[in-house]
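Student: I have a structure open and would like to test the labels attached to it. Could we go through them one by one?
Tutor: Gladly; ask away.
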Amino acid sequence: MGIKVEFNPDLALRNIDCGRSLEECIPRRLEEGRVYEFLKKGQRNYWLEGEIPLIETDGSELSMPLASITILNVVHFLKDREVYTKGSYVVEKVLEEGEVYFNGFGVVE
């Protein structure tokens, strides 16, 4: 029996109108410098030493990056015998539609 852990190079959250909790969704208005909370089902590992993309997901497809964020903290916990990951992130830069900001894991200067 193994330990199921997912490594995520980005933070993929749902659309605010999907009916999920606020922490599972992208806020209606992202503000640079503001800290937001997030919640994901499963045990997930995120890179904490720099900026990563914030993207929108519908569960199968992923959007282009909407913002560059830095994850500030992450905690894994059990709820009803299922593992969840929660934490907080700060928005470093809100990206314009079509703006290229990342090259792999690096920020385009």
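Tutor: Let's begin with a definition: buried means under 20% relative accessible area, exposed means over 50%, and partly exposed lies in between. Keep in mind that this is a predicted model.

Student: Why is R20 called partly exposed?
Tutor: R20 has 40% relative accessibility, and partly exposed is the class between 20% and 50%, so R20 counts as partly exposed.

Student: What makes E24 and R20 a salt bridge?
Tutor: Their side chains meet at 3.6 Å, N to O. The cut-off is 4 Å between a side-chain nitrogen of Lys or Arg and a carboxyl oxygen of Asp or Glu, so the pair qualifies. E24, at 18% relative accessibility, counts as buried.

Student: How many salt bridges does a search of the whole structure find?
Tutor: The search finds 7. One of them joins R44 to E6, with the closest N and O atoms 3.1 Å apart. That pair links distant parts of the chain: R44 is in strand β4, E6 is in strand β1, and 38 residues separate them.

Student: Are R44 and E6 buried or partly exposed?
Tutor: R44 has 14% relative accessibility, under the 20% limit, so R44 is buried. E6 has 37%, which lies between the limits, so E6 is partly exposed.

Student: What about K93 and E99?
Tutor: Their side chains also form a salt bridge, at 3.4 Å from N to O. K93 has a relative accessible area of 25% and E99 has 28%; both residues are partly exposed. Elsewhere, R29, E31 and R34 are joined into one network by salt bridges that share partners.

Student: How do you know that C18 and C25 do not form a disulfide?
Tutor: The sulfur of C18 has its closest cysteine sulfur in C25, 3.7 Å away. A disulfide needs the two sulfur atoms within 2.5 Å, so this pair is too far apart for a bond. C25 is accordingly in no disulfide, and a search of the whole structure finds 0.

Student: Which class of exposure does each cysteine, C18 and C25, fall into?
Tutor: C18 has a relative accessible area of 38% and is partly exposed. C25 is buried, at 1%.

Student: Which residues have the most contacts inside the largest nonpolar core?
Tutor: They are L11, L30, L54, I69 and Y89, in a core of 14 residues. Strands β2, β3, β5, β6 and β7 each supply at least two of the core's residues, and β6 gives the most, with 3. L11 touches, among others, F38, I52, L54, I69 and Y89.

Student: Why is L95 called buried?
Tutor: L95 has a relative accessible area of 9%, under the 20% limit, so the label buried fits. L95 is found in the loop between β7 and β8. Leaving aside neighbours within four places in sequence, its contacts include P65, L66, Y101 and F102.

Student: What makes V5 eligible for a surface patch?
Tutor: V5 has 31% relative accessibility, and patch residues need over 30%, so V5 passes on that count. V5 forms a nonpolar patch with I3 and F7, and together they have about 350 Å² of accessible area. V5 itself is found in the segment before β1.

Note on methods
Residues are numbered from 1 along each chain as its sequence is written. This is a predicted model: local features need pLDDT of at least 70, side-chain atom pairs count only at pLDDT 80 or more; totals for chains, interfaces and linings use all residues. Side-chain values use heavy atoms; hydrogens and water are left out. Patches are made of residues with over 30% relative accessible area and no salt bridge: like charges are joined within 9 Å, nonpolar side chains (Val, Leu, Ile, Met, Phe, Trp, Tyr) within 5 Å. Accessible areas come from the Shrake-Rupley method with a 1.4 Å probe; for residues, only the protein chains shown count as cover. Helices (H or I, at least four residues) and strands (E, at least two) are DSSP runs, numbered from the N terminus. Buried means under 20% relative accessible area, exposed over 50%, partly exposed in between (1.4 Å probe, protein chains only). A nonpolar core is a set of buried Ala, Val, Leu, Ile, Met, Phe, Trp, Tyr and Cys residues joined through side-chain atoms within 4.5 Å. Contact means heavy atoms within 4.5 Å.
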